[in-house]
Amino acid sequence: MRADYRTVKLAGESEIIIQKSRFLSYIKRVETEEEALAFIQEIKKLHHSATHNCSAYLIGEHDQIQKANDDGEPSGTAGVPMLEVLKKQGLKDTAVVVTRYFGGIKLGGGGLIRAYGRATTEGIAATGVVERRLHKEMKISIDYTWLGKVENEARQSSYPLHEIVYGESVDIHMYVPVTETEQFVQWMTELTNGQAKVHPVSELFLEFDV
C-alpha cells in the first residue's frame with residue numbers, strides 16, 4: 001500500500017469570469033482512469049452547449065496515468081496548464097474539468113494558459129485538499145482492571161480511539177500511523193506492566209485537512 005499522499009476531497013466546483021468568458025471548474029477524486037473518463041463525460045453531458053470542456057487527470061502512486069485534453073482550445077493552452085496545477089500542488093488521484101462559455105473576447109495563448117490554470121487552482125481551493133495518512137488499526141486486549149487507566153491515557157493521546165468492545169476482556173481499537181506502531185506497542189506494554197496484548201487488525205488511510 002502506498003505511503004501518505006495528498007488528494008482532493010471527494011468533489012467540488014467553482015466559477016470565475018475572465019474577459020466575459022465563464023470558466024466553470026469541476027474537481028473530483030478518482031482512483032481509476034475509468035472513473036476519470038466517466039466524470040469527464042458526465043460534465044460534458046451537463047454542459048453539452050459549452051464552447052469547451054477541457055480536462056486533466058493524474059492517477060497512481062507515481063502518477064503513472066496522466067492525461068490532458070484541450071477540447072478545441074489551441075494546443076497546450078488548457079489541459080496541460082490544468083495538469084501542471086495538479087502536479088504543482090502535489091495532488092494524487094485527481095481529475096479536473098474546466099468548462100468554458102466563450103464571452104466574445106479572445107484571450108490569446110498566454111491568457112488562456114493563465115485562465116485555465118487559475119480556474120483549476122480556484123476549483124481545488126473550493127473543493128479542499130486532504131492528506132491521506134496510512135494507519136494501522138491496533139487492538140489492545142486488557143483485563144477490566146486496566147480499563148480506566150488505559151482508556152484515560154488513550155483518549156488523551158494523539159492516536160484516534162476507534163471503539164471499545166466489551167466481552168470477557170476489553171478490546172480497545174485505536175488508529176496508529178504505520179511509522180509509530182513499534183513505539184505504540186512499547187507504550188501500551190509499559191502502561192499495563194506487560195499485561196496488554198496488542199495486535200494489528202488492518203491497514204487504512206485516515207484523512208486530515210490540509
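Student: What radius of gyration does the protein have, and what would a compact globule of 210 residues have?
Tutor: In this predicted model, the protein has a radius of gyration of 24 Å, whereas a compact globule of 210 residues would come out near 17 Å.

Student: And what does the C-alpha trace span along its principal axes?
Tutor: The C-alpha trace of the protein spans about 75 × 25 × 25 Å along those axes.

Student: How many helices and strands are there?
Tutor: The protein has 5 helices and 10 strands. If you take the contacts between residues at least 6 apart in sequence, 71% of them join residues that are at least 24 apart.

Student: What share of the residues is buried?
Tutor: Buried residues account for 46% of the 210 residues in the protein. As for the surface, the protein exposes about 10900 Å², and carbon and sulfur atoms supply 48% of that area.

Student: Let's pick one helix. Which residues of α2 are buried?
Tutor: In α2 the buried residues are Gly79, Pro81, Met82, Leu83, Val85 and Leu86.

Student: What do they pack against?
Tutor: The buried residues of α2 pack against the strands β4 (52-59), β5 (65-69) and β6, and also against the helix α3 (108-127).

Student: Can you give me a residue in α3 to look at, and which residues does Thr120 touch?
Tutor: Thr120 lies in helix α3, and, leaving aside its neighbours within four places in sequence, Thr120 is in contact with Ser25, Ile27, Met82, Val85, Leu86, Val96 and Val98. Three of the names on that list, Met82, Val85 and Leu86, are also among the buried residues of α2.

Student: Is Thr120 buried or exposed, and why?
Tutor: Thr120 counts as buried because its relative accessibility is 0%, and the cut-off for buried is under 20%.

Student: What comes after α2, and which residue there has a positive phi?
Tutor: Just after α2, Gly90 takes a positive phi of about 70°. Further along, Lys92 is found in the loop between α2 (79-88) and β6 (94-101).

Student: A lysine in a loop... buried or exposed, and why?
Tutor: Lys92 counts as buried, because its relative accessibility is 18% and buried means under 20%.

Student: What does the side chain of Lys92 reach?
Tutor: The side chain of Lys92 reaches the backbone oxygen of Glu61 at 3.2 Å, and the side chain of Lys92 also makes a polar contact with the side chain of Asp63 at 3.3 Å. Not counting residues up to four places away in sequence, Lys92 touches Arg2, Tyr5, Arg6, Thr7, Leu58, Gly60, Glu61 and Asp63.

Student: Where is Asp63, and what is its phi?
Tutor: Asp63 is found in the loop between β4 and β5, and Asp63 has a positive phi of about 55° although it is not a glycine. Asp63 is buried, with a relative accessible area of 18%.

Student: Which other residue has a positive phi although it is not a glycine?
Tutor: Lys20 has a positive phi of about 75°, and the place of Lys20 is in the loop between β2 (11-18) and β3 (21-29). Lys20 counts as exposed because its relative accessibility is 63%, and exposed means over 50%.

Student: Last topic, charges: how many are positive and negative, and how far apart are their mean positions?
Tutor: The protein has 24 positive and 30 negative charges, and the mean positions of the two groups are 9 Å apart.

Definitions and conventions:
Residues numbered from 1 in each chain as written. Predicted model: local features only at pLDDT ≥ 70, side-chain atom pairs only at ≥ 80, totals over all residues. Heavy atoms only, no water. Helix = DSSP H or I, 4+ residues; strand = E, 2+ residues; numbered from the N terminus. Buried < 20%, exposed > 50% of the residue type's maximum accessible area, 1.4 Å probe, protein only. Polar contact = N/O pair within 3.5 Å; in protein donor to acceptor, adjacent residues only side chain to side chain. Contact = heavy atoms within 4.5 Å. Rg over C-alpha atoms; globule rule 2.2 N^0.38 Å. Areas by Shrake-Rupley, 256 points an atom, 1.4 Å probe, with all protein chains shown as cover. Lys, Arg positive; Asp, Glu negative; His and termini not counted. Charge placed at Lys NZ, Arg CZ, Asp CG, Glu CD.
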